[in-house]
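Q: Could we work through this model feature by feature, taking the general idea of each before the particular case?

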Amino acid sequence: MTTTFPDISISTERLVLRPYEEADVPAHTEMMNDETVVAWTAVPHPYTTADAERWVRRIAPAQRTAGRGIALAVTEFLTQRLVGTIRLGNTDWRIRATEVSYITAPWARGEGYATESVLAVAQWLFRDLRFERLELRTPADNTASQQVAQKIGCISEGVLRNAWIARTRTEDGGWTDVRTDLIVWSLLPEDFDGADQLADAGYSGFTDWN
């Protein structure tokens, strides 16, 4: 039984999802220091160039080779600029289930890039790898992430109470931890009518995989 994801790049009409490269370090560092990313994720803050180098050189590749998941840089097809990142983790190969998370760079928000990249990964998982479940967990107040879950057709399964630690700004400009709930979403193959859903969303370039 296969227990690792292939070393793959996925192309859509507007995006290329590919393994991280050394050239991504500056843009990745900048993205991870954005206030929205700091607030909703557990990344180190401040996020340094050394953190980005560890991610690109060791952490991201190790997730795939160890069978835990896969982390891909999301880039614009035309400009090759880093749009964001998408990651599969907590993968269970016996039940063919995995959890998706994503980050979008501040300059690229509002363009539908997160939705497009998650749809592409979902299609790849369900059609090529025969996965049976894609899970997504969003902090209760992270409405932008919840909108992505809704747009791709996820079903809300419930709430994990007090299951996450977010960060919020303090009066002196620093950060403090706050506990929050997590909303659990799932997408199954029967929820995902790939061709129709992608056409409705305006995406038509998912047929050619690199």
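Q: Which residues lie nearest the centre of the largest pocket, and how many residues line that pocket?
A: The general idea is to begin with the lining and then trace it back to the elements that supply it. In this predicted model, the largest pocket has 48 lining residues. Those nearest its centre are Trp40, Thr41, Ser101, Tyr102 and Ile103. Helices α1 (25-32), α2 (35-40), α3 (49-65), α4 and α5 (143-151) each give two or more residues to this lining, as do strands β4, β5 and β6 (133-139). The largest share, six residues, comes from β5. The pocket has a volume of about 1,300 Å³.

Q: How do the residues of that lining divide by class?
A: The lining of the largest pocket holds 22 nonpolar, 17 polar and nine charged residues.

Q: Which residues line the second largest pocket?
A: The same approach applies: lining, contributing element, class. The second largest pocket, with about 150 Å³ of space, is lined by Ala27, Glu30, Met31, Asp34, Arg81, Leu82, Ala105, Pro106 and Trp107. Helix α1 gives the most to this lining, with three residues. Six of the lining residues are nonpolar and three are charged, with no polar residue in the set.

Q: In what order do the strands of the open sheet lie?
A: Strand order is read across the sheet, from one edge to the other. Here the open sheet has eight strands in the order β1-β2-β3-β4-β5-β6-β8-β7, and its pairing is mixed. Its edge strands are β1 (10-11) and β7 (155-169), each of which pairs on one side only.

Q: In what sense do β3 and β4 pair, and over how many bridges?
A: For a pair of strands, one reads the sense, then the bridge partners, then the connection. Strand β3 (residues 70-76) pairs with β4 in the antiparallel sense over six bridges, and Leu72 has Ile86 of β4 as its bridge partner. The two strands form a hairpin with five residues between them, and Gln80 in the turn has a positive phi of about 65°.

Q: How many bridges join β4 to β5?
A: Seven bridges join β4 to β5 (residues 97-104), and the two strands run antiparallel. Leu88 stands opposite Val100 in β5, while Gly89 has Glu99 of β5 as its bridge partner. This pair is also a hairpin, with four residues between the strands.

Q: Why is strand β4 described as largely enclosed by the rest of the structure?
A: Here the reasoning rests on burial, which means under 20% relative accessible area. Of the 11 residues of β4 (residues 82-92), eight are buried, so the strand is largely enclosed by the rest of the structure.

Q: Which elements each supply at least two residues of the lining of the largest cavity?
A: They are β4, β5 and α4 (113-128). Strand β4 gives the most, with four residues. The cavity has a volume of about 40 Å³, and its lining includes Val74, Ile86, Tyr102 and Ser117. By class the lining has seven nonpolar and four polar residues, with no charged ones.

Q: Is Ser117 buried or exposed?
A: Ser117, which lies in helix α4, is buried, with a relative accessible area of 3%. Not counting residues up to four places away in sequence, Ser117 touches Leu15, Leu17, Val74 and Ile86.

Q: What is the general expectation for backbone geometry?
A: Most residues other than glycine have a negative phi, and most peptide bonds are trans. Arg96 departs from this: it is not a glycine, yet its phi is positive, about 55°. Arg96 is found in the loop between β4 and β5 and counts as buried at 19% relative accessibility. Asn162 likewise has a positive phi of about 55°; Asn162 is in strand β7 and is partly exposed at 43% relative accessibility. As for the peptide bonds, the one from His45 to Pro46 is cis, with omega near -5°. Pro46 is found in the loop between α2 and α3.

Q: Where is the pLDDT below 50?
A: The protein averages a pLDDT of 91, and 91% of the residues score at least 70. Over residues 198-210, however, the pLDDT is below 50, although this stretch has 31 contacts beyond near neighbours in sequence in the model. Where pLDDT is low, the predicted coordinates should not be read in detail.

Key:
Residues numbered from 1 in each chain as written. Predicted model: local features only at pLDDT ≥ 70, side-chain atom pairs only at ≥ 80, totals over all residues. Heavy atoms only, no water. Buried < 20%, exposed > 50% of the residue type's maximum accessible area, 1.4 Å probe, protein only. Pairing = 2+ DSSP bridges. 1 Å grid on protein atoms, 1.4 Å probe; cavity = no way out; pocket = protein on both sides within 12 Å on 5 of 7 lines; lining within 4 Å. Points joined across faces, edges and corners; volume = space filled by probe spheres on them. Nonpolar A, V, L, I, M, F, W, Y, C, P; charged D, E, K, R; others polar. pLDDT = per-residue confidence, 0-100. Contact = heavy atoms within 4.5 Å.
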